[in-house]
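Please walk through this model step by step, with the sequence at hand.

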Amino acid sequence: MADDVSGNPSGVSETLDFSLEELDDKEFDLPSIDTVPTLESILNEPDNESVLDDEDLAPVQLIHGDSLETSSVSSQESLLSDRTRKKDRSHRTLLQETHGSILRPSKLKNISAQLLSAADRVDAGMPTAMAVSNLIAVGTSHGLVLVFDPKQVLKWCLGSTAVGAQYGSVSSLSFNRDCTRLLSGFAKGQITMWDLTTGKLLRTITDAHPAGTAVLHVKFTDSFTVAVCSDSGGSVFELEFKRLIGVRTCDSRCLFSGSRGEVCIVEPLHMNLTIKDHPMQDVMILAMGTLSKVLLVSLKPQLKVMFTHPLKGDSSTLPLLAWQFVIIQVSERDRVIDPVLAFARDSAIYFYQVVCNTPQDIKCQGLQKMEVPYRLLSIQWMNPRTLVCLDTAEKLHVIDVRSEEELEVIDISDVQLVYGSSHFKSLATGGNVSQALAYAGGQACYQSVVSYSGQLFLLGTKTVHVMSLRTWRERIDVLVKQNRYRDALALALSFYEGRAKAVLGLSGSPQKKRETIAELMLDLLFEFVDLSMTQFCPDQGKVEELEEYYQTVVPVCVDYCLHLGRTVIPIANYMLVVSGFGYITNIMRSTSYSEEEKFTLQKQAMAKLQELVEIDCKQAAQMVITGFATNLNDIVAKLSNNRKLQFQFLQGVILYKDTSGSAINTDRQISIDPEIYELYIDLLCQFKPGDVANYVKMTEGYRLEQTLAICRRHKISDAMAFLLEKAGDVQGAFSIILENLQGKLKAVTEVLQDPSQSGKDLTVELGEVQAVLLVIIQLCQRNSNKMDEAGREALWFPLLEAMMSPQRKIKDVAEKRYVDEVKELTHHVLNSMMGYIALPAILQKIMQDPAYNTGKFGEVKELILGMLETYNYEETLMTTCKNLMYHDLHLHLSHLTAVAGRSYIARQQQCNMCSKHYSGILESEAIIVFRCGHSYHTNCLQSVGSVHLVEGEEVWVCYLCSNMKRGRLHSTRFHRALLTPSGSQSIPRTDTNNQSKEFSIDPQAIEAFENFRRSMKTPSRLAILMELSKSGAGTKLGHSRTPTSILQNERFQLRLAPPPLESS
């Protein structure tokens, strides 16, 4: 990005200081005058003077960007004036059941955790400011700026605590349009610019504004080289960044001096880049808000005051600004996309449209004024129809701008919002601000409440939260999960009739929208009826209570069916059927009826079983299983004449089993014989063959061989492959999937060779190839670790050959795009097999293939570079591992050497066994001194059995210490020797009567322990290092490793995938 722009030739800062005689305000319907007033004089005008006359305010309509439905923002009765709109506002505080949950709150956990970690580890301090674009930047009280990517991964940590001690806390942040630059303002007045592509500091600006004032706002405009800033003195400056002869400079121009009134907020207009050929693309507009006025100033093409409006409110409140591009209906046929400025103070919100005919002809037109019953801290647009307001009680209010309805209220006090009151009081520079600004800034949260791309970000003292608009389906699902079906149906009906507010995600023509919503409402009605007849229905009580309950359920269903224009009969039949099933089940469980009556009812129900299954297979299965004392196999046999009906009944049985029992409620689980499972799988192969593979993967209870035979009979290849792999026949499963892959590759090859074939879409065919290839790669990866090298090659090389063979036939076809896609799939196979097959073997296989051994090196360059990258990666890992093990071994050996060279001194000059003095010891006698300080004659230790033979070596044990610890010896090797099994062992044990008993260890347990010991036995570190040193020496001499090398062991080889290659 070039920083060079054409600036002021003289290099002198210009101030917006027009004289009163030069102002020409024809747009305000004022007479021409010779001098223009300064901004200070405008600010000092009486607040009761209206800038716009009432006749200048025209009724317009706002249109939602996703539809053609108009949403009126103003009417003749709602034109801006000193009085608010006179109408009943009781509808604005609606219950949440009408609109559901509009905002979805969530916590950015990774960012929050890293902010706490930075505060603890690097003394970053608490969060103070935030900026959000394609990246998220958070400034801290100790001068650091943490920049995160959209995945909440820390990308840069800019600055240092030393700089923070000099500059103070971060008071403001701003990204440029493409997120390559970041401006940060500080509490002591400095401004820094960072390059976010390299993390380097580009500029430190110390003279952009008067010294001794804090930076309250610093914001980029749409230009990469122009920004604006405001300080705690109330002044506003334009910053122009230049780069001349490699030297980065910054020219500052004062736009407004705060000597007669402080600017509290600045907000430049950012153009919507998706709007083409907008007349405001060449215009740069800045909105400024003071404690008494709002000003709109154009910076480009010329510096000009376009609009002012007085602001009234409590002295403890600050002005608020928010821009949004909105589609505005100006007539029945004409509409425009213009920016709308929402500005507010205290409890009043104003909406003004900026109309640009030409860059020199810009006017502001009032749209609407809104009064809210609370004091405002922040206003932010979520979309062109929805505004979010934050009040002084830290509650978020979601407001529909068109109707002024309050859709939802959320308490965010648990966020612990960050306030910038210390910056407005300029505590870091001595508090040299006006009392009005210091008092109003007590709850300033300009830098902690940020809206971007339809999301609202909240900066807390320890966390970062985000509020997102829910889609229309999500809002209904929230109510359904809470079992609030009546509210969910009411909300769905408002979507259906077009009365809903803040609608998101509902696109298409009005007819398509209504059809989509109607389908969802019918599903909700059936779910509501099902729960009303089962879970919500009273279990006991008088008949009158049941009638009263049904009177609350049935009208709901009837009303919604009439709204949708659907007949009520299917819903009523469904209610009767559900009630009938429950009636039969209750009678069969009741003790008030005789066995004869129950038998008669069961007989009649079984006679009508076919009709019951056709109505609801799950309810029919539940009735049979829980109510009838009949064998399930007998009932299935009665339905054998009708295979379709038998399938539906078994489907209900399986569905009821899956939903009734669980691992926690084992008493509710029902048992089904394997024959029933196998019959259902057989019927599933006949009626729904595409569901067989998923069912056998997710279900247990069937017999493997019988199920495999069923799948073979019906030729369900994917299910056969899964069952073969489950049975241990990996090669058989691989062969089946490979055959399927080869068939699909053959079809692709035929279409590429003969493009005249009609009815086949190459994109679809390649998609099927990719799906099958993914399945077979996963099969090979799952089983490669269980095989030796030959077994792995038997899986991967045939797969590689299957992918390479079609390329020999299609390498000369005209459709190079599809040829490249086939090669990409081959690359995927190679990348997947690199962790399991030796790289030289893969390279040899590639170079021997005719599709690759001819032509230029560029055809296989990517393959070879990827393999070399993997080789270098694994070699680096091996070298690092060897160096670490060398270092570890050196530390251990040095410790052992120090211990072995340390001398031990006996506590006494006599034997602890025989008490004889050592002064008269003979030369043939030996003395043993232990680490504990005890010493003995060797003959004395041998006489009491304190010497043991372990692995051919004598192991001496201190007699006194071993007796004190009741025979637990210090020697680990001695304990291992005692555990060495040699058939059945007898272990003595003393019981409470001191009588010696013996019991035998089970030989199977001994064998299992021995197998476990052998499996856990690994080469020592010394052996591995010796092998590495030998292999290293052998490599230098040109020798290869021996087949019996430890490094060739299956468990020693690395199973690593290479890092992804970065595309150039």
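## A guided tour

Ile927 belongs to strand 31, which covers residues 927-929. This is a predicted model. Ile927 has a relative accessibility of 34%, so it counts as partly exposed. The cut-offs behind that word are simple: buried means under 20%, exposed means over 50%, and partly exposed is in between. Ile927 also takes part in a nonpolar surface patch, together with Tyr904 and Val929. That patch measures about 210 Å².

Now turn to the spaces enclosed by the protein. Four cavities of 30 Å³ or more are counted. The largest cavity holds about 90 Å³ of space. It is lined by 14 residues. Closest to its centre are Ser171, Gly420, His423, Phe424 and Gln447. Two elements, strand 12 (215-220) and helix 5 (421-424), each give at least two residues to this lining. By class, the lining of the largest cavity has seven nonpolar and seven polar residues. It has no charged residues.

The second largest cavity has a volume of about 70 Å³. Its lining is made by Ser298, Pro301, Gln302, Lys304, Met306, Pro359, Gln360, Asp361 and Ile362. Strand 19 (304-310) and strand 23 (361-371) each contribute two or more of these residues. Here the classes divide into four nonpolar, three polar and two charged.

One residue of that lining, Pro301, deserves a second look. The peptide bond that runs from Lys300 to Pro301 is cis. Its omega is near 15°. Pro301 sits in the loop between strand 18 (293-300) and strand 19.

Next come the charged pairs. Side chains of opposite charge can pair when their charged atoms come close. In this model the count comes to 18 salt bridges. One of them joins the side chains of Asp346 and Arg375, with an N to O distance of 3.7 Å. What does this pair tie together? Asp346 lies in the loop between strand 21 (335-345) and strand 22 (348-358), while Arg375 lies in the loop between strand 23 and strand 24 (376-383), so the bridge ties together parts that are 29 residues apart in sequence.

Are the two partners buried or exposed, or in between? Asp346 has a relative accessible area of 15%, so it is buried. Arg375 is partly exposed, because its relative accessible area is 37%. The backbone of Asp346 is notable too. Asp346 is not a glycine, yet its phi is positive, at about 60°.

A second salt bridge forms between Arg499 and Glu497. Their closest N and O atoms are 2.7 Å apart. Arg499 is partly exposed, at 44% relative accessibility. Glu497 is partly exposed as well, at 37%.

A third bridge pairs Glu725 with Arg782. Here the closest N and O atoms are 2.8 Å apart. This pair links distant parts of the chain. Glu725 is in helix 20 (residues 717-727), and Arg782 is in helix 22 (residues 762-784). The two are 57 residues apart. Glu725 is buried, with a relative accessible area of 18%. Arg782 counts as partly exposed, at 43%.

Some bridges share partners. Asp314, Asp346 and Arg375 are joined in this way into one network. The buried Asp346 therefore belongs to that network, and its loop is the one between strand 21 and strand 22.

Two more stops remain. Ala502 has a phi near 55°, a positive value in a residue other than glycine. Where is Ala502 found? It lies in the loop between helix 8 (485-497) and helix 9 (510-533). Its relative accessibility is 7%, so Ala502 counts as buried.

The last stop is Pro689. It is found in the loop between helix 17 (674-687) and helix 18 (692-698). At 40% relative accessibility, Pro689 counts as partly exposed. Pro689 and Ala719 are 30 residues apart along the chain. Their C-alpha atoms are separated by 9.6 Å.

Conventions:
Residues are numbered from 1 along each chain as its sequence is written. This is a predicted model: local features need pLDDT of at least 70, side-chain atom pairs count only at pLDDT 80 or more; totals for chains, interfaces and linings use all residues. Side-chain values use heavy atoms; hydrogens and water are left out. Patches are made of residues with over 30% relative accessible area and no salt bridge: like charges are joined within 9 Å, nonpolar side chains (Val, Leu, Ile, Met, Phe, Trp, Tyr) within 5 Å. Accessible areas come from the Shrake-Rupley method with a 1.4 Å probe; for residues, only the protein chains shown count as cover. A salt bridge is a side-chain nitrogen of Lys or Arg within 4 Å of a carboxyl oxygen of Asp or Glu. Helices (H or I, at least four residues) and strands (E, at least two) are DSSP runs, numbered from the N terminus. Buried means under 20% relative accessible area, exposed over 50%, partly exposed in between (1.4 Å probe, protein chains only). On a 1 Å grid over the protein atoms alone, a cavity is a set of points where a 1.4 Å probe fits but cannot get out, and a pocket is an open set with protein on both sides within 12 Å along at least five of seven lines; lining residues have an atom within 4 Å of a point. Grid points are joined across faces, edges and corners, and a volume is the space filled by probe spheres set on the points. Ala, Val, Leu, Ile, Met, Phe, Trp, Tyr, Cys and Pro count as nonpolar, Asp, Glu, Lys and Arg as charged, and the others, Gly among them, as polar.
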